Amino acid sequence: MISVCLFRLDDITPDMDWNKFYRVKAIFDKYKVKPLVGVVPDNGDAGLCRGEYHTDFWEYIVSLEQSGWQIAQHGYRHVYETRNSGMLGLKKASEFAGLPYEVQYEKIRAGREILKQNGLYAPVFMAPGHTYDKNTLKALRHLEFTCVTDGYANIPYRTRGLLFVPCRSSRPVLSGGVDTICIHCNDLHENDYRELENFLERHIQQVLPFSEILEQLWYPGRTIKIRLQERQNLLRHRVRKFTAESPILQAYLQETWDADPSRKRKKRLFGLWRLIRLRRAGKRKTNQKKR
């Protein structure tokens with residue numbers, strides 16, 4: 001199986017953390033990587049306001065597009081209005097999922113009009129929080145979008161008149177098949193820049209510009225095999241997320257870690273009693289706090 005990746009940058013706004021964005025851009029420029037840029041047309045999310053407002057924002061984004069960076073419409077205002085997790089079920093908050101078709105259509109249309117007025121052509125859509133439903137896709141199709149950068153299959157596929165390009169990782173790793181690595185510049189830390197550059201140093205031959213994916217014509221429909229891939233990958237994602245958010249499981253994994261993969265498997269298999277012990281200790285602490 002081929003193993004290649006693309007990059008996308010989320011939450012691009014006039015008042016994002018520009019210092020962090022420029023650092024990421026410098027790394028991409030060094031390795032001649034052309035990522036997908038998710039622009040919020042009319043940002044209403046105060047959490048994305050991290051820096052000085054750039055009045056030349058739209059001219060700058062146009063210059064990125066002219067240099068080969070692909071532009072995507074990242075929602076409309078990036079404001080979550082429902083608790084609906086959409087078709088992927090990754091986040092119980094959405095700007096679109098759960099709203100009537102007419103409401104979603106008008107939001108996406110308004111966002112697209114803002115991009116057009118500022119000289120941008122954005123046939124790609126990325127929903128905030130990876131949350132969208134059938135009405136979202138219907139609106140995108142009617143508004144002549146061609147691609148959604150989301151999904152958990154191993155390869156891009158076509159369904160409902162749209163191309164879906166998988167986006168399974170938030171860290172620079174190769175996941176097998178074709179994957180999009182999602183980067184939120186606002187939230188990066190010092191070690192993230194090193195990790196990104198080290199990854200590009202080792203795997204630059206396996207990094208594609210997003211525009212190259214859009215130009216291909218070979219993608220299949222959403223077959224049963226692809227649906228199974230999505231379910232399996234989503235399950236793995238949920239297990240990893242649950243593990244990362246569980247102090248008990250994290251403690252167990254640290255206790256049973258070993259540099260040798262074979263020894264590590266044995267430790268974790270035969271050391272399950274430690275997990276039971278940690279869980280009981282956690283329950284006792286919780287009960288003591290309640291008292």
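**Exercise 1. Is Arg50 buried, partly exposed or exposed, and what is its relative accessible area?**

Solution. The model is a predicted one, in which local features need pLDDT of at least 70 and side-chain atom pairs count only at pLDDT 80 or more, while totals for chains, interfaces and linings use all residues. Residues are numbered from 1 along each chain as its sequence is written, and side-chain values use heavy atoms, with hydrogens and water left out.

Step one is the scale: buried means under 20% relative accessible area, exposed means over 50%, and partly exposed lies in between, with a 1.4 Å probe and protein chains only. Step two is the value: Arg50 has a relative accessible area of 40%, so this residue is partly exposed.

**Exercise 2. Find the salt-bridge partner of Arg50, and state where the two residues lie.**

Solution. A salt bridge is a side-chain nitrogen of Lys or Arg within 4 Å of a carboxyl oxygen of Asp or Glu. Arg50 meets this rule with Asp187, their closest N and O atoms being 3.1 Å apart. Arg50 sits in the loop between strand 2 (36-39) and helix 2 (57-66), whereas Asp187 sits in the loop between strand 8 (177-183) and helix 5, so that the pair links distant parts of the chain, 137 residues apart. Helices (H or I, at least four residues) and strands (E, at least two) are DSSP runs, numbered from the N terminus. Asp187 is partly exposed, at 40% relative accessibility.

**Exercise 3. Describe the salt bridges made by Glu197 and Glu195 of helix 5.**

Solution. The count for the structure comes to eleven salt bridges, and these two are among them. Glu197 pairs with Lys30, with 2.5 Å between the closest N and O atoms. Because Glu197 lies in helix 5 (residues 190-203) and Lys30 in helix 1 (residues 18-30), the pair ties together parts that are 167 residues apart in sequence. Glu197 is partly exposed at 25%, whereas Lys30 is exposed at 54%.

Glu195 pairs with Arg171, the closest N and O atoms being 2.3 Å apart. Since Arg171 belongs to the loop between strand 7 (162-164) and strand 8, while Glu195 is in helix 5, this pair joins parts that are 24 residues apart in sequence. Both are partly exposed, Glu195 at 22% and Arg171 at 44%.

**Exercise 4. Explain why Cys167 forms no disulfide with Cys182.**

Solution. A disulfide is a pair of cysteine sulfur atoms within 2.5 Å. The closest cysteine sulfur to that of Cys167 is the one in Cys182, and at 4.8 Å this is too far for a bond. Seen from the other side, Cys182 is in no disulfide either, its nearest cysteine sulfur being that of Cys167. The structure as a whole holds zero disulfides. Cys167 is buried, with a relative accessible area of 3%, and Cys182 is buried as well, at 4%.

**Exercise 5. Which helix gives the most to the positive patch, and with how many residues?**

Solution. On the surface, Lys134, Lys138, Arg141, Arg160, Arg227 and Arg231 gather in a patch of positive charge. Patches are made of residues with over 30% relative accessible area and no salt bridge, like charges being joined within 9 Å and nonpolar side chains (Val, Leu, Ile, Met, Phe, Trp, Tyr) within 5 Å. Helix 4 (134-142) and helix 7 (224-244) each supply at least two residues, and helix 4 gives the most, with three. Lys138, which lies in helix 4, is partly exposed at 34% relative accessibility.

Key:
Areas by Shrake-Rupley, 256 points an atom, 1.4 Å probe, with all protein chains shown as cover. Lys, Arg positive; Asp, Glu negative; His and termini not counted. Charge placed at Lys NZ, Arg CZ, Asp CG, Glu CD.
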